[in-house]
Each structure stands twice: as structure tokens, then as C-alpha cells.
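Please open the model in your viewer and keep the selection panel at hand. The stops below are meant to be followed in order.

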Amino acid sequence: MLNSSAPAASRVFSLALVACIGCSEQAEQPKAGQATALPRDEHSYAQPAEARVTHISLDLTPDFSAKRISGTARLAVERGQNADSVILDARDLAIRRVTDTRGGALGFTTGATRELMGAPLAIALPAQGDTIVIEYETSPGAAAVQWLEPAQTSGKRLPFLFTQGQAILTRTWIPTQDGPGLRQTYDAAIHVPAGMRAVMSAVHAGTEGEKDSAGRAVYRFRMDKPIPPYLIALAVGDIAFKAIGTNTGVYGEPAVVERAASEFVEVDKMIAAAVKLYGPYRWGRYDILVLPPSFPFGGMENPALTFATPTILAGDRSLVSLVVHELAHSWSGNLVTNATWDDFWLNEGFTTYIETRIMEQLRGKAYADMLRQLGRQDMQKAVTEAGGPQAADTRLRLDLKGRDPDEGVTDIAYEKGAAFLQTVESVTGRGRLDAFLRGYFDQFAFQPMTSDRMVAYMKEKLLTGAESERIGLQAWIYEPGIPANIPPVQSERFIAVNRQEEAWKGGGPASGLQTNQWSTQEWLHFLRALPDSISATRLAELDRVHRLSSSGNSEILFAWLQIAVRNRYEPAFVPLERFLTSHGRRKFLAPLYTDLAKTEWGRTMAMDIYRRARPTYHSVATTTIDQILKWKPAAGG
Ligand code: BES
Ligand code: ZN
């Protein structure tokens, strides 16, 4: 519950600052060397020009039965001239006490709470020193945190918890300035029940076997690179580790680490390819944590420790481009970061472009071209879903003021963003673009980036005036729709798939499809290109010959289940229900629930499944699916 205490009168405390929240003046980063004014971040209450958090030191204990994390956050604050308070973002946190480092009480006020944003937490700065100590507790409903019962883990023995910070959820478990343009270093001590392990997006800094006075195991971490708070991440559970290379490995429940290590065995090659293209990897180790199935994303680029869904463990390394994507964020996103969520495409579009470049190094051009063409299909679909090429949300640079930043998470950011860089590449050639990107990551390392600043730098370092014109930077970045100069992508292998598909559509037998050599991507292309309406007999034949309903590949199964829903193909409904109840990956769940909700029979089925599955999903997924199904939690549906 939110707690609004009167300031304990340690010093005169200015409420005027609270009144200023939402004022639209430009917030300057006070840091020397960052002269460029940053745009105001509409999704944070912070006033960084007044005072900004530079370091967070956490001492936290999760309580699995109460579903609360409690402890202290010591914040180092850099103050602007005359600043007497600092404003943090806080959502659903119970603030117990705020003090200076000697225990002297500091006044604090919680302002009005807004949905998603939470509330501004204004804290009086101490007369001496620049450190404030916040004693607090999270709420059981904290949106970033998912608490899993033992039954939701593969070991079934111990509970599990993990956090998901992006985009604006870190404020539900850490009181800090929670904007992507506000970088902070951090360290942490996490106290966990004996037999459990804690991992974080940081370097391990403790000693093996340390115990606190209550007998809990203590895990210590340190992140000495300034990162945006959405990248602070924690997981606690029965977590094992298996090394892959010297500086790489996998964490996960004991039952999955072996499988994961073999799936991701190419990780050192991925890093080598990325370093060769884009410059040094600056985060020390690169480990991957495979989470229990409820993890709401495919992957999350938490620094030094990518979080990943187990649904990419296909057994044949066919879905590892997702790991490459998260690794690529070590440059685009984690090193150079979107200044606000309006520039989300700078994170995801650059990363998607880099992902296919690295995959091309690893698997060759024919493979990368398949990824690119599937990406183009996703982009077109996103344009349609946004309302067509005139729709404002088909712009790369978005306007998310007053909206959930999650609304910007579409394949416009990912695939139109990647296509923009492919267009630049088609004009400059790869050599020049690669050199530019290396310089860009170097020049702006550990800094926020805006579309404007990126364009200015591109004009300064890469493009002639004539080239800028040819590319049409303005149209690509600030205007809706897909510019006509987008370079075409044609996968050779997909041409062969198309030929076979035509034969099947013309009435040929499913056994006539030569699918033995097909990769996951060829299957996806085939399934996506099937007509909207197909008879049950023909679906049954395809299913019988190619065992689609029992595919162990989550991407293929997902594409197949979409077809099954569209055609009310009942033999696939048991696997459909299993799919919807056995993992929580939003990218798979949302489209299936959306399609089901289009018909009356489907809606009934969706509501029935969702009623049972909802308690097993992370808040990121339920927030989206509640909207799709117009779910009323209070009424229980
Ligand atoms: N950073 C994103 C996930 C994300 C985006 C979380 C926005 C919260 C808000 C991550 O890098 C990502 O893009 N994951 C994708 C996989 C990727 C291969 C497209 C996913 O989870 O599906
Ligand atoms: Zn990403």
C-alpha cells in the first residue's frame, strides 16, 4: 500500500517541487560533458536537473510466504544548485523510514498516484552528505515481480521469483529515478533462504557460502557501469549454473541447465562475431538465465545476464537468434540507450538489424535472408494492426505521452527500425555503415540517445547531403508508413518453399511436401503463407503427415495454432489449451487470445482457459490480455 507520511521535521522541506510535477520545461542532465538537453521523460516524475540518483545500494530480503521484498535502498544523490530535495518514482511501495547515513530522519512526501506511473516520492536531502537511506517493502502485487509457487517450477520443490523492469516497472520494487535516460550504478546484498540462489544483472561480488545472522544465504553483486534502472534485475530460486566458455554460461533450474548449455553452445562465437562488427563487449561476463515458463518475454537484455524463456529450447539450436538479439543489446540499448520510450526504436530497431548481421556471420546469408524476410512480414502486419500506413503509431519516433510505453512495443520499432538501417546500408555500403556504428557505440557509450541526436550524428559522420536526401531520413524516422525506397528482401529458400506450397494448395498431397531439410524459418514461412480459410480435411492431412499439433518447436506450434483457431480446427484444441496454460510468453499468448476473442465459441473458450491460466501469468502478460478479453478481475471474469 502507498504510504504518505508527513515529513519528520529534520529540515524545512519544499513542497513546491511536488507541485511542479508534470510541468513541461526541458530537463537538463546536470552532468558535465552532457551538454545536450534531453527531452522530458513523460514516464518519470524525476527532476534530474534538481537532483539525480547516481548510485543505488540495495540490501534486500524476499519473503516468499508474504510475497514481499523488504530492506533498504541507499541512494547516492548528485544535487543541482540549491536543491533541497530529490524526486523518485515509486509505485505500490510501502516506505517505512527515510534517514541520512547516521540514522537522522529525513522528511518525505508521496504525491498523487497515477495508473502505471505510480507516484512521485519527494525526499528532503540531508544537510550533510549526499546519501539517503530508504527503508521499504514491496507489495505482493508489485508489477515487476513474479512470485512462483513450487508447482510452477520444473523442480516443484522450491518457490521462485524474478523481476522484469522494462519499461517502467523497476519503480515497483526499487524506489529510484526510473527513466531510461537516468543512468545509475548499483550494488546489492540479497538474503535468500538456505538452498536457494540469487542472480542479478551484475557481477558477483560476494564470497561463496556467506550467511547472515538469521541463517539466510547472502549473495552480493556489483554493477559499476551506469545503467538505466530498467536493466536492474533479480531472480531467486533453485538455480544451478553450467559454464559454456570462460566468460559465458547458463543459469537455470537444475532440470534445464544441461539442455540450455547445449542449445546455446555457440554463445562464444556470437560474442566474437558481435565484437568484430561493433567493438568491445564492455560488460565482463555474458551469462543466460533460463527462467521458468511464465517469463513474459522471449528474452530480456539484462546486462551480463540475459533473461530467457525456456520456449526457445527447441533442441536443435533453431531459435538461438533470440539470444543473439539480447546479446546485441549489449551495444544497442544497454550501451547507447533510448533517452525516453518515444525513441524505443533506437534500442530495438538497431538491435534487430545487428541480430541478423550476427546471424549472417554464424549461419550464412541464406539463413539471415530468411530472418529478414520474416521480419518484413512482421513489419507489414504491424502497419496493418496500427491502422494502416497513415497511422501515427507507424512512425519510428513515437509520441507516448499519457500512454503505457508498452504500446510502443510493436514490430514498427523492431522491423521498420531494422529496415531503416538496411536502407542506409543500401546507400552507404556495409563497410561505411559498420565503421559508423562502431564509432557511434564508442562515442555515446553509457549515454542516452534521441532520434534527433542520432540523425545529427549520422549526418555529421556518415552521410553526404545527397545521401541523406536519397535515404529520406526525415520520412523514415518522423513520418508514418513505409518509405518506397526500402530495399527488397528475397530469400532464395523461401522461393523453393513457395513452389511447394503452390502444389499443396493446388490439391497436391501433404506427403508431397519435401520438408526434411526445412528449417524452423521455412516452416514459419510456409504456415504464414497458407490461405486464411482451409478445410478441416486438409488441415488434418497436414497435421497427420507433419505432426504440427505436437511440434516441440514453440514458434512452429504457435504459427500452427493460429491457423487452427482461425479455422476452428478442433483436433488442435487440446494442444492449444496446453500451450496457453503451460507458459506465459506474451508474444504467443496475446495473438491467440485476440483471435479466439473474435468469435463467440472462441471467446467462451478463451475466457475459460484464461480464468485458470491468469494466476500463472506475469503482470506484463495479464495487463495486455485483460484488455484483449475485457477481463474484469474483480468480477472474476
Ligand atoms: N527488450 C526486449 C523486451 C521488452 C521490450 C521488454 C519492451 C519490455 C518492454 C527484448 O530485447 C526483446 O525484444 N525480446 C523479444 C525477442 C526478440 C528476438 C524480438 C521477445 O521477448 O519476444
Ligand atoms: Zn530487444
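**The sheet**

In this predicted model, begin by selecting the open sheet, in which 7 strands run in the order 4-7-2-1-10-13-12 with mixed pairing. Strand 4 (93–99) and strand 12 (203–204) stand at its edges, and because each has a single partner strand, one side of each is left without a neighbour in the sheet. Next, select strand 1 (residues 51–63) together with strand 2 (residues 68–79), which pair in the antiparallel sense over 12 bridges; within this pairing, Asp59 has Thr72 of strand 2 as its bridge partner.

**The zinc site**

Now move to the zinc ion (ligand 2), whose protein donors are His325 (NE2), His329 (NE2) and, listed twice, Glu348 (OE), at 2.0 to 2.7 Å from the ion. Along the chain these donors follow the spacing H-x3-H-x18-E. His325 belongs to helix 4 (residues 321–328) and Glu348 to helix 5 (residues 344–363), so the pair ties together parts that are 23 residues apart in sequence. Both His325 and Glu348 are buried. Around the zinc ion (ligand 2), the 6 donor atoms subtend angles of 53 to 160°, which makes the arrangement irregular.

**The nonpolar core**

Which residues touch the most other members of the largest nonpolar core? Among its 195 residues, they are Phe420, Tyr440, Met454, Trp560 and Tyr593. Select helix 15 (residues 554–566) as well, since this helix gives the most to the core, with 9 residues. Finally, centre the view on Tyr593: leaving aside residues up to four places away in sequence, its contacts include Leu580, Ala606, Ile609, Tyr610 and Leu629.

How values were computed:
Residues are numbered from 1 along each chain as its sequence is written. Chains are lettered from A and ligands numbered from 1 in the order in which they are written. This is a predicted model: local features need pLDDT of at least 70, side-chain atom pairs count only at pLDDT 80 or more; totals for chains, interfaces and linings use all residues. Side-chain values use heavy atoms; hydrogens and water are left out. Two strands pair if DSSP finds at least two bridges between them. Helices (H or I, at least four residues) and strands (E, at least two) are DSSP runs, numbered from the N terminus. A nonpolar core is a set of buried Ala, Val, Leu, Ile, Met, Phe, Trp, Tyr and Cys residues joined through side-chain atoms within 4.5 Å. Buried means under 20% relative accessible area, exposed over 50%, partly exposed in between (1.4 Å probe, protein chains only). Contact means heavy atoms within 4.5 Å. Donors are N, O and S atoms within 2.8 Å of the metal (3.2 Å for Na, K and Ca); water is not among the atoms, so sites may look incomplete. Four donors count as tetrahedral if all angles lie between 85 and 135 degrees; four count as square planar and six as octahedral if opposite donors are over 155 degrees apart and all others between 65 and 115; anything else is irregular.
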